Amino acid sequence: MAENSESLGTVPEHERILQEIESTDTACVGPTLRSVYDDQPNAHKKFMEKLDACIRNHDKEIEKMCNFHHQGFVDAITELLKVRTDAEKLKVQVTDTNRRFQDAGKEVIVHTEDIIRCRIQQRNITTVVEKLQLCLPVLEMYSKLKEQMSAKRYYSALKTMEQLENVYFPWVSQYRFCQLMIENLPKLREDIKEISMSDLKDFLESIRKHSDKIGETAMKQAQHQKTFSVSLQKQNKMKFGKNMYINHDRIPEERNETVLKHSLEEEDENEEEVLTVQDLVDFSPVYRCLHIYSVLGDEETFENYYRKQRKKQARLVLQPQSNMHETVDGYRRYFTQIVGFFVVEDHILHVTQGLVTRAYTDELWNMALSKIIAVLRAHSGYGFPVNRLFDLLFEIRDQYNETLLKKWAGVFRDIFEEDNYSPIPIVNEEEYKIVISKFPFQDPDLEKQSFPKKFPMSQSVPHIYIQVKEFIYASLKFSESLHRSSTEIDDMLRKSTNLLLTRTLSSCLLNLIRKPHIGLTELVQIIINTTHLEQACKYLEDFITNITNISQETVHTTRLYGLSTFKDARHAAEGEIYTKLNQKIDEFVQLADYDWTMSEPDGRASGYLMDLINFLRSIFQVFTHLPGKVAQTACMSACQHLSTSLMQMLLDSELKQISMGAVQQFNLDVIQCELFASSEPVPGFQGDTLQLAFIDLRQLLDLFMVWDWSTYLADYGQPASKYLRVNPNTALTLLEKMKDTSKKNNIFAQFRKNDRDKQKLIETVVKQLRSLVNGMSQHT
């Protein structure tokens, strides 16, 4: 029993061991087998039996599986045998086809290689053509440059170089020939500069040698022009007075015309012989050199060289020869050289831009004048008079002053254009001192005010004052070179300044005042500005006195005419104020839109009139800075113009009918005008002076409002008449307009007794007024 129980216990163990052997990796089988030997002695035998049984079971399963798949295996082998035969045939066919393809492809490969080689050649040719197309314009331009250099067209050559550098070289910068060209351009530029400078030196040497011929030609030309002008003046005088000459048996007309014709023919012949400066001098080297240096960006070097060389030549020209005083021809040659020198410089000044400036020529001219005066004084002891030359210098001084006046006219115009025409605001002591330093202004009341505050004048006043002083300095600069006495210089400065004030500044002020964009506020400020400029004239006189040391108390001292200049400007501005104010009133009156047939008034004044009164109040506030009489005159003129405009509105011939309601509405507007006049919009009127501007309207409206025709007709012509200012013709015109309205509106007037009586009264009054008007006309 015990053995049986042990044997039964080992069987599950053996099965477990077999499962481990079957499922475990062979590397791990050792421990499992060892467990078989570690058990009971007969366990090994039993395990082997169990193992044999397991093997037999597996063999049976393998056999079953082989039996199951055997037929499929046989069928597969059969198919493979069949495929083997087809595969051998296919292999033979593929091999043959491959051989034939290889044979045929050898020719294709040859042709393909030829095509590839041709394509590469074609691409290379195209690339070469494209590169050549890029290079050809560069080479053509460079060839053009060489031709221009050979033809001495240097300015064009420089332009070609610019095109090469900016346009053409960037296309072919990778090629070596381009680098060579680029390296060669600076050398060409230097060659051009040297050649042009050499031409300029030849030009300077040429004009130095021929300056006397140039001066002589220029003097002949000036004399010819003067002679021609005199001939024209004679011709005009002859034409103007030929009848007078004939009537008084003087030179016959035919003889005059013959003499004049002969004179003009001689002048025409002389004109053909007179050469110009351009005929004598070829200025092309200067123009060419200037253009070349401008293109090369070295214009300043050329200008400095030219001016330096010409200044040296000026000193040589001004240096008199040792024997100049021995003959008149020596003086003539000396002066013709000087004239020739300045004729050339004047031509260069007007033809070129910047090579010679006005300041440079003025400097040379001042140097020449000083040298000429010194030379003449040194040689005047030899008996040659120089008075005519000094007379010429005085004429030049007058022309110089005229030039200054034209220049300062432009300065004044610019100042007036930039002004804002409002008082100068200042916020601190520093700004106050700046304005005081520019313009002599004194007002203790303004000084006491705290900052910020305002000067009464606008910004243009100190600028004008400064520019007048600058003009005096400019005029003095020329006068000092004449070596005149202090008294004469003082007189010159005062006369020049008077011309500046009375002609130039006055003209600029009048033109400014008449400009359309200058409004009432600007005109008020202009009047204030002229007042302060007038007060500053005494400081300008002191300024001239300090320069010349000539007292103003001297008998022959000229006074400045600032008073008359600025007074005329103020009068013109005042006139413009009156005109523009009336124009503004007309603009408001044109907005009136009365319903002349209304039966009842609106009960309030018209809107346009209230806007007009508000505008007048605001504008008269601005007038408080004006002198009292100006503001009062403007206010009275405005009220009179408004009264006249309203009266013309009532009497307008195009207005055919007026109702009593419209008259009452019109009366409300006139009451507002009278209230405005009584409110004293401008101080200084006595009593009801301003209200008298509307007295004609008031009496006319009162007559129609009260309908007091019996009193009017009875008292007409009496000094104490209540309606003294009502003209019968005016009353008749207005009454006829109302009569027509009464007829039109009262269609059934014949059925109402009151209306019939009123209509009869109107017709009776109309007849009486007509007879009164006819009587006045007959009496007249």
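**Exercise 1. Take stock of the chain.**
Task: State how many helices and strands the chain has, and what share of its residues is buried.

Solution.
Step 1. The chain has 27 helices and two strands. Helices (H or I, at least four residues) and strands (E, at least two) are DSSP runs, numbered from the N terminus.
Step 2. The model is predicted: local features need pLDDT of at least 70, side-chain atom pairs count only at pLDDT 80 or more, and totals for chains, interfaces and linings use all residues. Residues are numbered from 1 along each chain as its sequence is written, and side-chain values use heavy atoms, with hydrogens and water left out.
Step 3. Of the 780 residues in the chain, 36% are buried. Buried means under 20% relative accessible area, exposed over 50%, and partly exposed in between (1.4 Å probe, protein chains only).
Step 4. Turn to contacts, meaning heavy atoms within 4.5 Å. Among contacts with a separation of 6 or more, 77% join residues 24 or more positions apart.

**Exercise 2. Check helix H10.**
Task: Compare the span of H10 with the expected one, then find where its buried residues lie.

Solution.
Step 1. The expected span of a helix is 1.5 Å times one less than its number of residues.
Step 2. H10 covers residues 299-318, which is 20 residues, so it should span 28 Å. Its end C-alpha atoms are 28 Å apart, which agrees.
Step 3. List the buried residues of H10: Phe302, Glu303, Tyr306, Arg310, Gln313, Ala314, Val317 and Leu318.
Step 4. Seen down the axis of H10, these buried residues fall within an arc of 125°, so they line one face of the helix. The arc is that of the directions from the helix axis to the C-beta atoms.
Step 5. Look at the other side of H10: Glu300, Lys308 and Leu316 are exposed there.

**Exercise 3. Repeat the check on H21.**
Task: Do the span and the buried face of H21 in turn.

Solution.
Step 1. H21 runs over residues 607-622, with 16 residues. The expected span is 22 Å, and the end C-alpha atoms are 23 Å apart, which agrees.
Step 2. The buried residues in H21 are Tyr608, Leu609, Leu612, Ile613, Phe615, Leu616, Ile619 and Phe620.
Step 3. They cover an arc of only 160° around the axis, which puts them on the same side of H21.

**Exercise 4. Map the cavities.**
Task: Say how many cavities of 30 Å³ or more the structure holds, and describe the lining of the largest cavity and of the second largest cavity.

Solution.
Step 1. The structure holds two cavities of 30 Å³ or more. On a 1 Å grid over the protein atoms alone, a cavity is a set of points where a 1.4 Å probe fits but cannot get out; lining residues have an atom within 4 Å of a point. Grid points are joined across faces, edges and corners, and a volume is the space filled by probe spheres set on the points.
Step 2. The largest cavity has about 60 Å³ of space. Its lining consists of Phe416, Tyr421, Ser460, Val461, Ile464, Leu509, Leu512, Ile526, Asn529, Thr530 and Leu533.
Step 3. Helices H16 (460-480), H17 (486-513) and H18 (520-535) each give two or more residues to this lining. H18 gives the most, with four residues.
Step 4. By class, the lining of the largest cavity has eight nonpolar, three polar and no charged residues. Ala, Val, Leu, Ile, Met, Phe, Trp, Tyr, Cys and Pro count as nonpolar, Asp, Glu, Lys and Arg as charged, and the others, Gly among them, as polar.
Step 5. The second largest cavity has about 40 Å³ of space. Ile464, Tyr465, Val468, Leu501, Leu505, Leu533, Cys537, Leu540 and Phe566 line it.
Step 6. H16, H17 and H19 (537-548) each supply at least two residues here. The largest share, three residues, comes from H16.
Step 7. This second lining has nine nonpolar, no polar and no charged residues.

**Exercise 5. Find the unusual backbone.**
Task: Locate the cis peptide bond and the positive phi values at lysine 152 and glutamate 680.

Solution.
Step 1. Most residues other than glycine have a negative phi, and most peptide bonds are trans.
Step 2. The peptide bond from phenylalanine 451 to proline 452 is cis, with omega near -5°. Proline 452 sits in the loop between helix H15 (444-448) and strand S2 (453-455).
Step 3. Lysine 152, not a glycine, has a positive phi of about 60°. Its place is the loop between H3 (43-150) and H4 (154-168). Lysine 152 counts as exposed, at 59% relative accessibility.
Step 4. Glutamate 680 has phi near 55°. This residue is in the loop between H23 (660-678) and H24 (695-706). Glutamate 680 is partly exposed, with a relative accessible area of 44%.

Definitions and conventions
On a 1 Å grid over the protein atoms alone, a cavity is a set of points where a 1.4 Å probe fits but cannot get out, and a pocket is an open set with protein on both sides within 12 Å along at least five of seven lines; lining residues have an atom within 4 Å of a point.
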